[in-house]
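Hello,

Here is the structure I said I would pass on. Please look it over before reading my notes below.

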Amino acid sequence: MNRIEKFIELASKNPEFEGALVTSPQNRFYMLNMHSSAGTILMLKDAAYFIIDFRYIELAQKSVKNAQVIMQTKLYDQLNELLAKHGVKKLWIEESMSVGTMNTMKANLNAEVVTDSPMTTIINEMRQIKSREELEIIKAGQAITDAGFTHMLTQLEAGRSERDLAIELETFMRKQGASGIAFSTILVSGKNSSLPHGVPSTKLLEKGDFVTMDFGAAYGGYCTDMTRTVAIGHVTEEMKHVYNTVLEAQLMALKEIKAGKVCCDIDKIARDHIYGAGYEGRFGHSLGHSFGIDVHETPGFAIGNTTILQPGMMLSVEPGIYLPDKFGVRIEDTIYVTEDGCENITHSPKELIIL
């Protein structure tokens, strides 16, 4: 069963379902396994159509197997013709659709545009469970990301700027086969490392700095995500203690992850360890998030998230401690949930490295 058929099967359990429109690039790629900057998927109980303009028509005709491909001329006329053909009076849309696009659809479609449907929930829940094929793609991307970290161990030194090093890292991953970066690279040092989402600046690395690198390669339509913190020259006892506390918290959480566990309980394991070491309030983000086509998906290891882990979910595990105007430490791996544990696909070393 392909992904469109799976969606229709799940959506048809709702008696209100007649049809749904997919317009977001991420969900379009997920449904068709084809990249495009435009295009509309119409999914109905008994048919599926992909309406796409001239720029992508040849590619779509060759690659799309689970929907009838139609050359876009006058989109709304074409949609209305198909809606009439199948007797569709109601259409579900994605929550991510802009208000402007929604209003245009309401004005031009001969069907009720339903804005509060379970469509987005259904697709998100489908995307939560990664197939073995998806896992292998992400593993290949993570191998590039791990190689990026290994490369940076030869590049990090006092006197080089955060910004130049971030460019070095991104360029290296592209040369290894990445299609791009999964998100804006975080490479910050010294006092800047206390900023969880700090932006690489012209600051030069100095001896005694922690350097935090949070980065990922985009590969095969999917994202990777990892974080490592290393030191330049030397560390203080405080720096060593903070680093070891973060690493211990991560290892404790990783040990408990498996299908059937509750997301917030995994977060609590790491958080309790960090707070118990005297750093309450210094770990202010969640323990981790799902990822895949987007770098942030659902569910996440977070306070209050009662999602039960299922085999095939992929999440990051990234505890951190951030001491304002001093330094910060974060260590992040990404894992694939299994029945009896988890597969860690991040293979870069985690012991404290002093360059």
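The notes below start with the whole chain and then turn to one helix residue and two pairs of strands.

Please keep in mind that this is a predicted model.

Overall picture

The protein chain has 355 residues, and 54% of them count as buried. Its secondary structure comes to 10 helices and 19 strands. Along the principal axes, the C-alpha trace spans about 75 × 40 × 35 Å. If we take the contacts between residues at least 6 apart in sequence, 65% of them join residues at least 24 apart.

On the outside, the protein chain exposes about 15500 Å², and carbon and sulfur atoms supply 51% of that area. As for charge, there are 35 positive and 45 negative charges, and the mean positions of the two sets are 2 Å apart.

Leu169

Leu169 is part of helix H8, which covers residues 162-175. Is Leu169 buried or exposed? With a relative accessible area of 0%, Leu169 is buried, because anything under 20% counts as such. Leaving aside residues up to four places away in sequence, Leu169 touches Gly148, Met152, Thr185 and Phe215. Of these contacts, Phe215 sits 46 residues from Leu169 along the chain, and the C-alpha atoms of the two are separated by 8.8 Å.

Strands E9 and E12

Phe215 also falls within strand E9, which runs over residues 210-215. E9 pairs with strand E12 in the antiparallel sense, over six bridges. Within this pair, Met213 stands opposite Arg228 in E12.

How many residues of E12 (residues 226-231) are buried? The count is six of the six, so E12 is largely enclosed by the rest of the structure. Both of its faces are covered: Met226, Arg228 and Val230 are buried on one side, and Thr227, Thr229 and Ala231 are buried on the other. Arg228, the residue opposite Met213, is thus listed among the buried residues of E12.

Strands E15 and E18

Strand E15 takes in residues 314-317. Met314 and Ser316 point one way from E15, Leu315 and Val317 point the other way, and all are buried. The partner of E15 is strand E18 (residues 333-338), and the two pair in the antiparallel sense over four bridges. Across this pairing, Met314 stands opposite Tyr336 in E18.

To find these places in the model, you could begin at Leu169 in H8, go on to Phe215, which Leu169 touches, and from E9 cross to E12.

Regards

Key: Residues are numbered from 1 along each chain as its sequence is written. This is a predicted model: local features need pLDDT of at least 70, side-chain atom pairs count only at pLDDT 80 or more; totals for chains, interfaces and linings use all residues. Side-chain values use heavy atoms; hydrogens and water are left out. Buried means under 20% relative accessible area, exposed over 50%, partly exposed in between (1.4 Å probe, protein chains only). Contact means heavy atoms within 4.5 Å. Accessible areas come from the Shrake-Rupley method with a 1.4 Å probe; for residues, only the protein chains shown count as cover. Lys and Arg count as positive and Asp and Glu as negative; His and the chain ends are not counted. The place of a charge is taken as NZ of Lys, CZ of Arg, CG of Asp or CD of Glu. Two strands pair if DSSP finds at least two bridges between them.
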